[in-house]
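Me: I would like to learn how to read a model feature by feature. Where do we begin?

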Amino acid sequence: MDAPAVSVDARAKRATGPIVLLGAPGAGKGTQAKLIAAHFGIPQISTGDLLRDHVRRNTPLGQQAQAIMGRGELVPDQLVCGMVEQRLAEKDCEQGFILDGFPRTVAQAQWLDGRLQAGLLRGKPAEKVPLLVIDIAIDYALLVQRLTARRTCPQCGAIYNLQSNPPHKAGVCDLDGANLITRKDDQEAVIVERLKTYERETLPLTNYYQQRGALRRIDGAGTVEQIAQAVRDLLERRGS
Ligand code: AP5
Ligand code: MG
């Protein structure tokens with residue numbers, strides 16, 4: 001009798017450590033973070049999704065964040081770091097986690113470094129693996145096109161694209177049948193502001209992490225599967 005096959009997922013579910021996905025709005029951070037999370041069995045922590053959830057629930061944080069997000073600016077570091085700290089304290093982050101959209105300023109990156117050094121993951125398997133930062137690099141011309149064609153599921157967070165990844169039935173999530181929505185900040189005028197904010201506040205992080213030897217760059221212009229394969233290769237090489 002053949003030995004039972006070890007599934008890729010079972011092998012992948014080891015301590016991956018902390019992973020950061022960097023990239024401009026629309027680079028594909030959310031799309032790739034979901035695939036990595038499913039493949040390696042670690043949680044995706046999207047600060048954009050967490051903030052949108054606060055807005056939906058009309059919490060005090062959501063009330064502060066709503067107008068700022070609507071303008072394509074960044075929510076203050078202190079508020080976002082507090083929100084991330086709470087999420088990282090949860091048990092499912094022990095083997096590792098993938099941060100999507102955080103850090104987004106040098107101050108946030110310094111905060112994360114400080115928390116990791118101070119033993120945010122003390123005694124947990126993920127602590128032994130150094131931070132890996134993956135920058136999804138992409139030409140700006142593609143971004144507006146991608147973002148204006150994006151639709152998302154308000155219930156499960158699935159990400160679609162009217163051109164590259166449409167749902168089977170127009171306007172309806174394949175996974176749970178909910179009506180898809182267009183994000184409020186996916187209007188062209190706000191996208192332009194988000195790109196300016198990215199250049200000013202977040203782009204400097206590539207130098208920050210390059211100087212620390214943590215940065216790996218991936219071409220974001222390929223298909224979703226090509227990029228996912230490149231990301232898996234990076235993570236599997238690191239873990240071997
Ligand atoms: P956030 O939600 O993080 O938005 P973002 O960074 O602007 O990035 P997006 O979610 O728009 O793009 P993505 O890279 O995830 O691309 P996706 O995979 O969806 O933040 C929103 C706001 O919250 C911010 O503006 C700010 O106000 C606030 N905020 C969040 N984090 C913060 C922080 N740390 N500090 C302060 N404020 C913060 O893909 C885009 C589209 O392209 C989809 O339709 C997808 O299907 C398609 N696509 C993806 N990959 C491919 C591919 N390879 N080929 C073709 N199509 C593709
Ligand atoms: Mg996203």
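Reply: Begin with the fold inventory. The protein chain has 10 helices and seven strands. Keep in mind that this is a predicted model.

Me: What share of the 240 residues in the protein chain is buried?

Reply: Buried residues account for 45% of them. Then turn to the surface. The protein chain has an accessible surface of about 12,500 Å². Carbon and sulfur atoms own 52% of that surface.

Me: How do I read the contacts along the sequence?

Reply: Set a sequence separation and count. Take contacts in the protein chain between residues at least 6 apart in sequence. Of these, 71% join residues at least 24 apart.

Me: Next, the interior. Which residues of the largest nonpolar core touch the most other members?

Reply: A nonpolar core is a set of buried nonpolar residues joined through side-chain atoms within 4.5 Å. Here the largest one has 29 residues. Leu-99, Phe-102, Leu-112, Val-133 and Tyr-209 touch the most other members. Elements giving two or more residues to this core include strand S1 (17–23), strand S3 (96–100) and four helices: H4 (60–70), H5 (77–88), H6 (106–117) and H9 (204–211). H5 provides the largest share, five residues. There is also a second, separate core of 24 residues, with Leu-132, Leu-143, Leu-195 and Tyr-198 among them.

Me: Which residues does Tyr-209 touch, not counting those up to four places away in sequence?

Reply: Tyr-209 touches Leu-22, Pro-103, Ala-109, Leu-112, Asp-113, Leu-131, Val-133, Ala-214 and Leu-215.

Me: Pro-103 is on that list. Is the peptide bond from Phe-102 to Pro-103 cis or trans?

Reply: Check omega. The bond is cis, with omega near -5 degrees. Pro-103 itself sits in the loop between S3 and H6.

Me: Is Gln-32 buried or exposed?

Reply: The cut-off for buried is under 20% relative accessible area. Gln-32 has 2% relative accessibility, so it counts as buried. Gln-32 belongs to helix H2 (residues 29–40). Now list its partners, leaving aside neighbours within four places in sequence. Gln-32 is in contact with Leu-21, Ile-136, Val-224, Ile-227, Ala-228 and Val-231.

Me: Now the ligand. How many residues surround ligand 1, and which are the closest?

Reply: Ligand 1 is surrounded by 35 residues. Thr-31, Glu-73, Arg-104, Arg-150 and Arg-194 are the closest. Sort the shell by chemistry next. It holds 14 nonpolar, 12 polar and nine charged residues.

Me: Which element supplies the largest share of the shell around ligand 1?

Reply: H3 does, with four residues. Elements that each supply at least two residues of the shell are H2, helix H3 (47–57), helix H7 (140–148), strand S6 (159–161) and helix H10 (224–239).

Me: How do I go from the shell to individual atom pairs?

Reply: Look for N and O atoms at short range. A polar backbone atom of Ala-27 is 3.3 Å from an oxygen atom of ligand 1. A nitrogen atom of ligand 1 lies 3.1 Å from a backbone N or O atom of Val-75. The side chain of Gln-108 has an N or O atom 2.9 Å from a nitrogen atom of ligand 1. Finish with the area. Ligand 1 taken alone exposes 1,000 Å², and the protein buries 96% of that.

Me: What about loops? Where is Asp-92?

Reply: Place the residue, then find its partners. Asp-92 is in the loop between H5 and S3. Its relative accessibility is 38%, so Asp-92 counts as partly exposed. Beyond its neighbours within four places in sequence, Asp-92 is in contact with Pro-43 and Arg-87. Pro-43 is 49 residues away along the chain, yet the two C-alpha atoms are separated by 6.7 Å. With Arg-87, the link is a side-chain to side-chain polar contact of 2.7 Å.

Me: Which loop holds Asn-58, and what is its phi?

Reply: Asn-58 is in the loop between H3 and H4. Its phi is positive, about 55 degrees, although Asn-58 is not a glycine. Asn-58 is partly exposed, at 48% relative accessible area.

Me: Is Thr-59 buried or exposed?

Reply: Thr-59 is buried, with a relative accessible area of 13%. Thr-59 also lies in the loop between H3 and H4. The side chains of Thr-59 and His-54 are joined by a polar contact of 2.8 Å.

Methods: Residues are numbered from 1 along each chain as its sequence is written. Chains are lettered from A and ligands numbered from 1 in the order in which they are written. This is a predicted model: local features need pLDDT of at least 70, side-chain atom pairs count only at pLDDT 80 or more; totals for chains, interfaces and linings use all residues. Side-chain values use heavy atoms; hydrogens and water are left out. Buried means under 20% relative accessible area, exposed over 50%, partly exposed in between (1.4 Å probe, protein chains only). Contact means heavy atoms within 4.5 Å. A residue is near a molecule or strand if one of its heavy atoms lies within 4 Å of it. A polar contact is a pair of N or O atoms within 3.5 Å; within protein, one must be able to donate a hydrogen and the other to accept it, and residues adjacent in sequence count only if both atoms are side-chain atoms. Accessible areas come from the Shrake-Rupley method with a 1.4 Å probe; for residues, only the protein chains shown count as cover. Ala, Val, Leu, Ile, Met, Phe, Trp, Tyr, Cys and Pro count as nonpolar, Asp, Glu, Lys and Arg as charged, and the others, Gly among them, as polar.
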